[in-house]
Structures are given as C-alpha cells and as structure tokens.
There are 2 protein chains.
Amino acid sequence: MIGGTRASGARRTAGKGRSRRAEATRKSGDERWAELLQVAAKTFASKGYSATTLQGIANDLGMLKGSLYYYIRTKEDLLFEVIQAVLVLAEERLSERVPVDGPAVERLEALVREHVVFLIEHLTETTVYLHEADQLSPERRAELPVHGFIARLEGLVVEGQEDGTIRADVDPRMGALVILGSANWVYRWYRPEGDLAPEEIADEIARTCRRSVEA
Amino acid sequence: MIGGTRASGARRTAGKGRSRRAEATRKSGDERWAELLQVAAKTFASKGYSATTLQGIANDLGMLKGSLYYYIRTKEDLLFEVIQAVLVLAEERLSERVPVDGPAVERLEALVREHVVFLIEHLTETTVYLHEADQLSPERRAELPVHGFIARLEGLVVEGQEDGTIRADVDPRMGALVILGSANWVYRWYRPEGDLAPEEIADEIARTCRRSVEA
DNA sequence: TAGTCTACCAACCGATCGTTTGACAGATGG
DNA sequence: CCATCTGTCAAACGATCGGTTGGTAGACTA
C-alpha cells in the first residue's frame, strides 16, 4: 500500500512539524509533492499525457521512477491531481472576482475577462485541463470538481436577454459556446513572449465577446 | 523496404487495371488505404495519437499489425497522412466557396461559415488536425500544406477597417484569433445528435463573429 | 539512545509498444 | 503456363512501458 493518506485526492495536510531545519539532501514531502505536480503539469502540457513517461518525470525530479509511487498510485492519478488542483483554484478565483450584480452583459464581460486572465496566468495547468482531461477514464473525470462554466455563461446570456442588455436573437447555448471558444482558444496561441500583457489580452477578448452579443 | 511508391506523401495513383472483378476475400490496395486512413482518423480522434495502438487499428481492419507496414513506414506517417488529406480538402473547399469581392465583413462572415461547415462535415479528421497535429515531429509538421487561415482572417479584418465595415478599434490579430477560437471550438462540442443542422450552426457562429467586429 | 517513520534506491516484473523479416497464396500479365 | 506482383500472415525483435517489492540511510520521536 501507499503512504497512508497519500495519493487520495486530499493530500497530507502539511505534516506536523518537520520543516524546521534546512534539508540538505532530502526534500520534504510536501515540497516534493508540489514539485511533482509542477513537473507533471509541464510535461503533460508539452508532450501530452499519453506521450509522457513516468521515467521522464522522475528524471526531471532527479529520482527513480519507482520512487514516484511513494506519491502516487497510478499515472492517471497524476493527471487527475494536476487538473483537480487547477479547477479548484479557478473556482476560487472566479467566485471572488466576478460581480454578482449590474447589467448581465457587464457581468458577462467581467466573467470572460477573469477567465482569460486566469487561463493565461496558469497556462500550463489550464492547458493540461483543456487538452488532456479526456484522457482520464470516465469514472475519474466524473470526480473532477467542474464548475459549470458554460452553464454560467449561458445563464448570463439569458439574464441579459431579460434585462435587455443582450440581443434577443442570440441562441443562449450557441452564444455561450462561441464565447467559451474565443476565451479558451487562448491556450492555443498565447506565448509569454508576446508584447501584450495578460490583462490587455483579456480585456480585448472580453470586449469582443461582449460586442458579439450586446443589444 | 516498403512497396515502392507507397508511403511517401503521394500514394499509388490508383493502380493500372485491377478493379475489374469483385474481390471476394482480398481488398484492393487503394480501397484498403482509404479504409486505413479512415480507421486511423477515427481512432486518433477518439483516443488521441499516442494512446492509439497499431494493434488496435489492425484489429479494426481485420489484419495483423505487421501488415500495416505494407502501407506505411511509421506510425507517425499515418497521422501525417490523415492530417494532410483533410488540409488539402479544406483548402479546395474554402478556395471555391468563399467570395472574393464585396464588403470585407461579408467575406469574413462567409469564410467563417464555410470553415465551420467544413469542420462539422469532416469532424473526425479536423479533430485529428486540431487536437493531435502537435504530436508530429517539428520536421513533419513543417511539411504540412497549411493554408494560412489565421493570416486570411487577419487580412480580412484589416480590409474591413479600410473599407469601413469593421471597427477601427479592433486589433486585427486579436480579432482574428478570437474568431478562430469561436469557430474551431466547435470540434469540442459538436455532436451529430444535436438538433441544429451544421449549416444552422455555421450561420449562427458566423453571424456572431461578424457582430463582434462589425463597425 | 532505541525505535519509528520518511523518502528514496535497486532490481525486477509481465505486458505491450512500434517495427522487421521471410514466406506465401492468389491474382495479374505476358 | 509460367513469372511477377500484391496484399497478407506468422513470428520474432529490442525497447520501453506502468507498476511492484524489499530494503535502507537518515531524520525524527519518545
């Protein structure tokens, strides 16, 4: 069996007291776990889940691949954990940064903007989610804490049609999907070297999306 | 070595004269090649390139995996051929169906509509292109007959700003990317069981994209 | 200081991967 | 009728895959 509470969704809750002294050779478990998630995310994002090798991840961490099983049970766990982490973070972010009142079209614009900013600021992890989530088994995928983002968009479109800020001839579902595409597609072309700041990009995209449905 | 002209971009040019009689047991090579491309595309689209096994493809075709090497040299070839085929087809389609004159914003709308229609009508192959093309080695990817679709969109935005049909405050590149995202995202959600016809979906998306940049 | 736990190593497992080779039945063409 | 070509089989190749097992040095706990 694996190290107790390890590898089961919620990981070790920061141990009791160990991180007092500087670790020369060994790394602490939580530190290592974070490194593992980070390396895994980077590798999944660049090569894809199936083309990623545990051997490669272990190499990047400077350990043997068998040692990874101290932290995980299966390779799929690793993908799951990476995605779960970013979903949780996104949920937090969007719930605290998007206004709950005002004209629907404005809230829509704000939601898209925050979504894009988050996407860019966590590009590696969001890439893994958007590009590799369907490599999870159906059972595992069902366990993901998905925040119904499309439903939220669709709801805002409907609200906007009620308060008159969004055109009545827009199909809510289609409109939401079009906007989602504009926003999510960012992960396919954004490069940090570009000359526009994440916020500028997010602003422009959000504004464009707004215009596409505004009354 | 492999069967001569086989497996090198341009495939056998339909053999000389064989397809006279009905083949009971054996299939003709060209027929088989088409089946192979089809099965490969379907498998790549559903499981991803790396998770696809030549064994699985061979099974679907009712042959042994070793026999596949009569048609291909490597697994990567198979991915390349699938993508190349759909790119060539798309190029033909878009060049014959999109008007070359009229207001730029109208040509933009038409281009998006035709793009989406094509995407849906060749969903399997376009999915392989959009989702798996980056599994090709850089060298192989460079050989793809890419039609500069983004550049074309961007050009239309610029034209539209010149002829006054598109807002001046739209960044051409960003506008093109947003539109491309809206259109390409279709491959992520379209299901044939849906109640909207491909043309209806394409119309709605194209109209929405138009509104997002129209003056 | 004795015992426990943490984080990892070393070695190995069976399965499966893409790919190669040699042979060969049947259709084709002279 | 004989030679050739086409499409496939049968069997094997080394490499590598995800995963398992048993051990253990060193830090921590009591």
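**Notebook: a two-chain predicted model**

I began with residues 53–72 of chain A: the C-alpha atoms at the two ends sit 14 Å apart, and the span is 40% helix and 0% strand. Helices here are DSSP runs (H or I, at least four residues), as are strands (E, at least two), numbered from the N terminus. I picked that span since UniProt lists it as "DNA-binding region" in an unreviewed entry; such annotations may be inferred rather than shown by experiment.

Ground rules, jotted down early: this is a predicted model, where local features need pLDDT of at least 70 and side-chain atom pairs count only at pLDDT 80 or more, while totals for chains, interfaces and linings use all residues. Residues are numbered from 1 along each chain, chains are lettered from A and ligands numbered from 1 in the order written, and side-chain values use heavy atoms, without hydrogens and water.

Next I looked at chain B. Helix H1 (residues 29–47) of chain B packs on helix H3 (residues 75–97) of chain B at about 95 degrees, axes 10 Å apart. Axes are lines fitted to C-alpha atoms over the stretch in contact, and angles run from 0 to 180 degrees between N-to-C directions. H1(B) and H3(B) are therefore roughly perpendicular (65 to 115 degrees). On the H1(B) side I noted B:Trp33 and B:Phe44 among the residues that meet H3(B), where B:Leu78 and B:Glu81 are among the partners. Contact means heavy atoms within 4.5 Å.

Then I compared the copies. Chain A can be laid on chain B with an RMSD of 0.0 Å by a turn of 180 degrees and a shift of 0.0 Å along the axis. I used a least-squares fit on C-alpha atoms of residues with pLDDT of at least 70 in both. The two copies are thus related as by a two-fold rotation axis. In chain A, A:Ser212 has the C-alpha nearest that axis, 1.9 Å away.

Last, the interface: 29 residues of chain A are in contact with 29 residues of chain B.

Key:
Parallel < 35°, antiparallel > 145°, perpendicular 65-115°, else oblique.
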